[in-house]
Amino acid sequence: MGLFDDVGALAGQVVLVTGAGNGVGRAAALLAASRGATVLCVDRDEASMLETVGLIETAGRGVAHYRIAEITSEADISRAIDQLVSLAGGTLDAVLHVAGIMRGQRVPLSELTLDTWTEVIVTNLTGAFLVSKYALAKMDPQRVGVVVLVASRSGITVPSGSLAYGASKGGIHGYAMSLEKQLSNTSIRVHTVCPGDVDTPLMRKSLEDALDNGADPAEIAKIRQSLGTAEEIASVLVHLIDPAAWGFSGTVMAG
Ligand SMILES: NC(=O)c1ccc[n+]([C@@H]2O[C@H](COP(=O)([O-])OP(=O)(O)OC[C@H]3O[C@@H](n4cnc5c(N)ncnc54)[C@H](O)[C@@H]3O)[C@@H](O)[C@H]2O)c1
């Protein structure tokens with residue numbers, strides 16, 4: 001058993017996971033629950049959220065509560081976090097903010113609409129702001145706490161095929177660094193996690209869009225063969241909220 005493999009490592013911890021209905025968020029919710037956490041799941045997709053919660057209940061380790069919420073709505077997300085944290089006893093130890101979207105793959109600037117730009121920026125960047133704002137309001141600055149915002153390598157260390165996506169993920173990185181500085185006199189850490197390409201519903205749709213917008217099929221086939229798994233990224237996210245990871249800080253490249 002390795003340093004981070006202890007099944008009870010997150011016992012007693014309350015962990016908020018956004019985007020828990022699919023892909024990386026679902027894998028993170030399942031893994032955190034399997035380590036003994038009480039997992040507070042948020043997603044706007046009710047059917048997939050219920051599946052995630054069902055999987056946690058069937059596994060019989062950890063506890064899951066959920067709320068359907070739109071992360072771009074201040075009223076929605078503040079209410080969901082408030083209700084979920086109350087259900088869990090009033091405290092929140094960690095946040096895995098995973099929810100995000102990809103739109104505008106391989107669309108040239110001249111054809112990129114303001115609607116697409118705004119949808120991506122508001123979901124990915126404003127969503128990170130709103131989730132962290134209302135989650136941090138429930139965290140005790142004197143207790144060890146962790147906020148993890150999922151960005152991407154795209155827009156940070158490599159270009160994105162989507163101008164809006166690259167801008168939004170670069171924005172999350174800048175926001176997280178600044179938030180970390182603002183919280184430097186507390187016991188709460190802030191990380192940005194930057195995954196590579198992972199096989200999830202988001203990535204599958206993105207590759208279809210790229211083909212529709214004229215991408216080279218051989219290039220897309222190569223990407224499909226090299227995708228990582230949601231579980232690999234989830235293991236990094238859950239490592240970061242493990243009490244044994246107290247020495248980590250800042251931006252983490254994953255996958
Ligand atoms: N898949 C990849 O290759 C990859 C690579 C780098 C970064 N990421 C990032 O990882 C995160 C998870 O991606 P994924 O691939 O698991 O995506 P996914 O589409 O499989 O899952 C995302 C989940 O977020 C939810 N969601 C999206 N917008 C929402 C909103 N406005 N309100 C509430 N819930 C919302 C969706 O319903 C879905 O359940 C995203 O932030 C994505 O940008 C993914």
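The following questions and answers explain the terms applied to this predicted model.

The model is predicted, so local features need pLDDT of at least 70, side-chain atom pairs count only at pLDDT 80 or more, and totals for chains, interfaces and linings use all residues. Residues are numbered from 1 along each chain as its sequence is written, and side-chain values use heavy atoms, with hydrogens and water left out.

Q: Why is the contact between Lys 138 and Asp 82 called a salt bridge?
A: A salt bridge is a side-chain nitrogen of Lys or Arg within 4 Å of a carboxyl oxygen of Asp or Glu. The closest N and O atoms of Lys 138 and Asp 82 are 2.5 Å apart, and the pair therefore meets the definition. By this rule the count comes to ten salt bridges.

Q: Which parts of the chain does the pair of Lys 138 and Asp 82 tie together?
A: Lys 138 lies in the loop between helix H4 (114-136) and strand S5 (145-150), whereas Asp 82 belongs to helix H3 (residues 74-87), so the pair joins parts that are 56 residues apart in sequence. Helices (H or I, at least four residues) and strands (E, at least two) are DSSP runs, numbered from the N terminus.

Q: What makes Asp 93 buried and Arg 143 partly exposed?
A: Buried means under 20% relative accessible area, exposed over 50%, and partly exposed in between (1.4 Å probe, protein chains only). Asp 93 has 4% relative accessibility and therefore counts as buried. Arg 143, at 41%, is therefore partly exposed. The side chains of these two residues meet in a salt bridge with an N to O distance of 2.5 Å.

Q: How do you know that Tyr 165 makes a polar contact with the ligand?
A: A polar contact is a pair of N or O atoms within 3.5 Å; within protein, one must be able to donate a hydrogen and the other to accept it, and residues adjacent in sequence count only if both atoms are side-chain atoms. A polar side-chain atom of Tyr 165 lies 2.6 Å from an oxygen atom of the ligand, which therefore satisfies the cut-off. For Thr 200, an N or O atom of the side chain is 2.5 Å from a ligand oxygen. With Val 24, a backbone N or O atom lies 2.8 Å from an oxygen atom of the ligand.

Q: How much of the ligand does the protein bury?
A: Taken alone, the ligand exposes 830 Å², and the protein buries 95% of that.

Notes
Accessible areas come from the Shrake-Rupley method with a 1.4 Å probe; for residues, only the protein chains shown count as cover.
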